[in-house]
Amino acid sequence: MRYEGTVYRPPSEAASLIIQLTIGCARNTCRFCYMYKSKNFRIRPFEEILEDLEAARKRYPRGIRRIFLADGDALIVKTETLLKLLERIRELFPEVERVSAYGAPGDILDKSVQELARLREAGLTLIYMGIESGNDEVLARMEKGVTSREIIQAGLRLKEARMQSSVTLISGLGDRDLLAPHALDSARVISVIKPEYVSFLTLMADPQSPLFEDISSGRFELPGPEEVIREMRLFLENTDSEGTVFRANHASNYINLAGSLNRDTPRMLAELDEAARNGAFKPEEWRGL
Ligand code: SF4
């Protein structure tokens, strides 16, 4: 098995076998993102990926339950290639219960419902879609290269193909001036898509990200914990997505929240209020990406 550069994966894939299908991110424009800035995007040769799968099987003769296809956007790979890969995964790892990958909204929309359904039947059952915000102004400022309308279309397409989706948003991404629109439009998008999972990180600027320069020069102001809690309150109060598993328990978050929408929303709102009353936030030095 070979890995090129730093390999990123969602927290819930900590125990998964990770196979790099692509190197880097095809877009690489998002101002807050530092993950693939040093990598030139390319799709790895298919033979190389097969060799990695075979090497992994030799190294781990049993017990591979989950496989995560890295790097940034495995869904950019042609459907027929992905199907061949999933077939080989089934042959080599019959015990695998789930294959997942990051999927950018644009690449999801480049595939038809039928293509996505074939991929799901072949074992790719979960897509992590980093949408970051449901507000078009925030998305444009962050050079995300996608609109809230496209995000909704991509989320609904996954749903139609009966592929699960895990959507990530970023608290604080609206700067101070777009705090409320960021929260309310994100709530609107989630209420329409109703994904299986929603999680929040809280914005921290890595020195390698273009946003770091924006903050250093005063063009962007990182919201503090009280503002982030106000924003989260607005999001939760306005989101209607019954049964969605909600998590804001990443190292970057000022307070940890976890529950099932909408059932646990009142309890999570009460936890936010208590944290705001007592100033019980994670100290800056404990936060991380
Ligand atoms: S956030 Fe996702 S799409 Fe944007 S640059 Fe990073 S990996 Fe690429």
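## A tour of the ligand shell and the salt bridges

Start by selecting Glu-51, which is partly exposed because its relative accessibility is 42% (buried means under 20% relative accessible area, exposed over 50%, partly exposed in between, with a 1.4 Å probe and protein chains only). This is a predicted model, where local features need pLDDT of at least 70 and side-chain atom pairs count only at pLDDT 80 or more, while totals for chains, interfaces and linings use all residues. Residues are numbered from 1 along each chain as its sequence is written, and side-chain values use heavy atoms, with hydrogens and water left out.

**Stop 1: Glu-51 and its partner**

Keep Glu-51 selected and add Arg-2. The two form a salt bridge, with the closest N and O atoms 3.1 Å apart (a side-chain nitrogen of Lys or Arg within 4 Å of a carboxyl oxygen of Asp or Glu). This pair links distant parts of the chain, 49 residues apart. Glu-51 lies in helix α1 (residues 46–59), and Arg-2 in the segment before β1 (17–20). Helices (H or I, at least four residues) and strands (E, at least two) are DSSP runs, numbered from the N terminus. Arg-2 is partly exposed, at 37% relative accessible area.

Now add Arg-44, Glu-48 and Asp-52. Together with Arg-2 and Glu-51, these residues are linked in a network of salt bridges.

**Stop 2: helix α2**

Select Arg-88 and Glu-91. Their salt bridge has its closest N and O atoms 2.7 Å apart. Why are they separated by about one helical turn? They are, because they stand three residues apart in helix α2 (residues 79–92). Arg-88 is partly exposed at 24% relative accessibility. Glu-91 is also partly exposed, at 47%.

**Stop 3: Arg-267 and Asp-264**

Move to Arg-267 and Asp-264. Their side chains meet in a salt bridge, 3.7 Å from N to O. Is Asp-264 buried or exposed? Asp-264 is buried, with a relative accessible area of 12%. Arg-267 is partly exposed, at 37%.

For the overall count, a search of the whole structure finds 29 salt bridges.

**Stop 4: the ligand**

Select the ligand, then the residues around it (a heavy atom within 4 Å). Which residues are they? They are Cys-25, Asn-28, Thr-29, Cys-30, Phe-32, Cys-33, Met-35, Tyr-36, Glu-132 and Lys-144. Color this shell by type: six residues are nonpolar, two polar and two charged. Here Ala, Val, Leu, Ile, Met, Phe, Trp, Tyr, Cys and Pro count as nonpolar, Asp, Glu, Lys and Arg as charged, and the others, Gly among them, as polar.
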